[in-house]
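Biologist: I'd like a close look at the inside of this one: what packs against what, and where there are gaps. Please start in the middle and work your way out, and keep it plain.

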Amino acid sequence: MTGSGERVRLTSTTAGGGCSSKVGAADLAIVMRGLDLAGDPNVLVGVETSDDAGVYRLRADLALVQTIDFFTPIVDDPYDFGRIAATNAISDIYAMGAVPRTALNVATFPLEELGHAVLSRILAGGAAVAREAAVAILGGHTLKDDEPKYGMAVTGTIHPDRVITNTGARPGDVLVLTKPLGTGILSAALKKGAIDEQQIAPAVRWMTTLNRAAAKAMIAAGVRGATDVTGFGLLGHGFELARASGVRLRIAAASVPVYELARELIAVGIAPGGSRNNAREHASFTTFADDVPADLRLLLSDAQTSGGILIAVAPDRLDTLLSGLREPDALGAVIGRVEPGDGIIVDAGSHLI
């Protein structure tokens, strides 16, 4: 609500929404090229492999895991926006197999235009998720800006020998995804008024679902390779996993869980610019079988917000992983396998394992 009592459509206040507003991977690589970051032997995971979070060793049995993530609204409800943004930020910690401990809020906001109550509801949503994840919010930083943005800097802990990274996938591993794809498409449709809050509600449920169960399942199964799927889409983050591990991914398009409404929206031409930009970039390392439908090709590049974790698990540990994902707040979809080679191959069928 604004100060006048009118309801705010948060998605109408920004040019982009959610993780689709991220700087593209190709542009980011140009920006980072040649950046001189002082070496430190205690940095166990830095920027070199484009992993989900940085890891810094404090002592032989303890390391810090740190990340930051914030973005513009992907939904209209301020409380839900806060919940989604917090869930998304904390996910980077879970993707490394770590336990989230503390967080700092990061927000920019047009206070005069939208009013104190809206910002308060955004922060309340983030606080609710932090309590669910047993994360202590220690403070934060806010700036006045024309566009609302919110997220968190999150710190977790882990044993240095137990870090799960995007360098750990090995040929023969099975690929598992823990949330459906299509949040970028649905958010774009909401922004255009093509769908309403009821229609995006299933995606909001998944976007506010912590990847905690997935992290626990990965640890129980002894997983060494994983990444969460956000703004660069399944193919973009999958390629980071493949490149960092020196392997190739083979994905069965028909096995990838998607929101069926997202497929219907693609058919009428709705998709965010970030997802279309992703698809153009992904063409350089992805080979599609001729019979992979065009809508699924785009969905594999769709910019996700608070997406699932893409896990590479040894075949003999697959059942252990899936048993840990058989909960109301976790999905274990087997979507492909890891092979020798490089890049990504996408087949249309569903029987690759």
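Modeller: Two residues count as being in contact when they have heavy atoms within 4.5 Å of each other. Keep in mind that this is a predicted model.

Let's start with Val-256. Once you ignore neighbours within four places in sequence, Val-256 still contacts Leu-177, Leu-181, Leu-234, Ile-251, Leu-300 and Ile-335. Val-256 is also one of the residues with the most contacts inside the largest nonpolar core, alongside Leu-234 and Leu-249, and that core has 85 residues. Helix α2 (residues 78-95) supplies the largest share of this core, with 8 residues. Apart from that core there is another one, made of 19 residues, including Ala-95, Ala-217, Val-313 and Ala-330.

Now for the gaps. The structure holds 1 cavity of 30 Å³ or more, and its volume is about 30 Å³. Its lining is made up of Lys-179, Pro-180, Thr-183, Trp-206, Met-207, Tyr-259, Gln-304, Thr-305, Ser-306 and Gly-307. By class, that makes 4 nonpolar, 5 polar and 1 charged.

Ser-306, one of the lining residues, deserves a pause. Ser-306 sits in the loop between α11 (294-301) and β11 (309-313). Its phi is near 50°, which is a positive value in a residue that isn't glycine. The relative accessible area of Ser-306 is 2%, so it counts as buried, the cut-off for that being under 20%.

Ser-50 makes a handy partner for that story. Ser-50 also isn't a glycine, and it has a positive phi of about 55°. You'll find Ser-50 in the loop between β1 (43-45) and β2 (54-59). Here the relative accessibility is 30%, so Ser-50 counts as partly exposed.

Back to α11, which turns up again in the packing of helix α10. In α10 (residues 273-282), the buried residues are Gly-274, Ser-275, Asn-278 and His-282. These four lie on the same side of α10, because they cover an arc of only 95° around the axis. What they pack against is α8 (233-245), β10 (286-288) and α11.

Next come the open spaces. The second largest pocket has a volume of about 340 Å³. It is lined by 20 residues, of which Gly-97, Ala-98, Val-99, Ala-215 and Ile-219 are the closest to its centre. Two elements, β4 (99-109) and α7 (212-221), each give two or more residues to that lining. The top contributor is α7, with 5 residues. Sorted by class, the lining comes out as 12 nonpolar, 3 polar and 5 charged residues.

One last stop is Asp-145, in the loop between β5 (136-144) and β6 (149-158). With a relative accessible area of 29%, Asp-145 is partly exposed. Leaving out residues up to four places away in sequence, Asp-145 touches Thr-108, Phe-109 and Pro-110. For a sense of scale, take Asp-145 and Val-229: they are 84 residues apart in sequence, and 28 Å separates them in space, C-alpha to C-alpha.

If you want to retrace the route on screen, start from Val-256 and its contacts, Leu-234 among them. Then go to Ser-306 in the cavity lining, and on to the buried side of α10. After that, visit the second largest pocket by way of α7, and end at the loop that holds Asp-145.

How values were computed: Residues are numbered from 1 along each chain as its sequence is written. This is a predicted model: local features need pLDDT of at least 70, side-chain atom pairs count only at pLDDT 80 or more; totals for chains, interfaces and linings use all residues. Side-chain values use heavy atoms; hydrogens and water are left out. On a 1 Å grid over the protein atoms alone, a cavity is a set of points where a 1.4 Å probe fits but cannot get out, and a pocket is an open set with protein on both sides within 12 Å along at least five of seven lines; lining residues have an atom within 4 Å of a point. Grid points are joined across faces, edges and corners, and a volume is the space filled by probe spheres set on the points. Ala, Val, Leu, Ile, Met, Phe, Trp, Tyr, Cys and Pro count as nonpolar, Asp, Glu, Lys and Arg as charged, and the others, Gly among them, as polar. A nonpolar core is a set of buried Ala, Val, Leu, Ile, Met, Phe, Trp, Tyr and Cys residues joined through side-chain atoms within 4.5 Å. Buried means under 20% relative accessible area, exposed over 50%, partly exposed in between (1.4 Å probe, protein chains only). The arc is that of the directions from the helix axis to the C-beta atoms.
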